[in-house]
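User: Please pick one part of this model and take me through it slowly. I'd like to know what sits around it and what holds on to it.

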Amino acid sequence: QVQLAESGGGLVQAGGSLRLSCAASGSIWNIRTMAWYRQAPGKERELAALIISGGSTNYADSVKGRFTISRDNGKNTVYLQMNSLKPEDTGVYYCNANVNPGYGLGYNDYWGQGTQVTVSS
């Protein structure tokens, strides 16, 4: 089994910054992609940022230039540095990892419990 533990959410004023962290633990042979999704009240969950094991990244248009995703492969940890936050960034942020728990077992998606980010105007 694989567990994802998120931290770093909170309340911040518009224009401020937050850094989210997500550490994967458990039965891990390889992690292919790690990502942050977010879900605003009354809206569907959407991809905010994604990073593959080699370091390539992908961002939602709404966060490009403001958010930076990074990962520490040795620690199985992904980070999301969020700058110039806007009220529309408010929501629950979920960590996602595509993990192979053992050689030949295949990859599965795992999710964290989510961390609340609230940006006040």
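Analyst: **Strand pairing and contacts**

S9 and S10 run antiparallel, joined by four bridges. Strands here are DSSP runs of E with at least two residues, helices are H or I runs of at least four, and both are numbered from the N terminus; two strands pair if DSSP finds at least two bridges between them. Bear in mind that this is a predicted model: local features need pLDDT of at least 70 and side-chain atom pairs pLDDT 80 or more, while totals for chains, interfaces and linings use all residues. Numbering starts from 1 along each chain as its sequence is written, and side-chain values use heavy atoms, leaving out hydrogens and water.

Back to S9. Across from Asn 96 you'll find Trp 111 of S10. That tryptophan has company of its own, since the charged end of Arg 45 sits over the Trp 111 ring, 4.8 Å from its centre (the test: NZ of Lys or CZ of Arg within 6 Å of the ring centre and within 35 degrees of the ring normal).

S9 has other partners too. With S4 it pairs antiparallel over nine bridges, and in that direction Cys 95 of S9 is the bridge partner of Trp 36. Strand S11 (residues 115-120) also pairs antiparallel with S9, over three bridges; there, Tyr 93 has Thr 115 as its bridge partner.

How much of S9 is buried? Nine of its ten residues are, so the strand is largely enclosed by the rest of the structure. "Buried" means under 20% relative accessible area, "exposed" over 50%, and "partly exposed" in between, with a 1.4 Å probe and protein chains only.

Cys 95 does double duty: besides facing Trp 36, it forms a disulfide with Cys 22, the sulfurs 2.1 Å apart (the cut-off is 2.5 Å). This link is left-handed, at -80° about the S-S bond. Cys 22 lies in strand S3 and Cys 95 in S9, so the bond ties together parts 73 residues apart in sequence. Both cysteines are buried, and theirs is the one disulfide in the structure.

Now step into the loop after S9. The structure holds two aromatic pairs. In one, Trp 29 and Tyr 103 have ring centres 5.5 Å apart and planes at 80°, so it is edge-to-face. Trp 29 is in the loop between S3 (18-26) and S4 (30-39), and Tyr 103 in the loop between S9 (91-100) and S10 (108-111), 74 residues away. For reference, Phe, Tyr and Trp rings (six-membered ring for Trp) pair with centres within 6.5 Å; planes under 30 degrees apart are stacked, over 60 edge-to-face, the rest tilted. Tyr 103 is exposed at 71%, and Trp 29 partly exposed at 49%.
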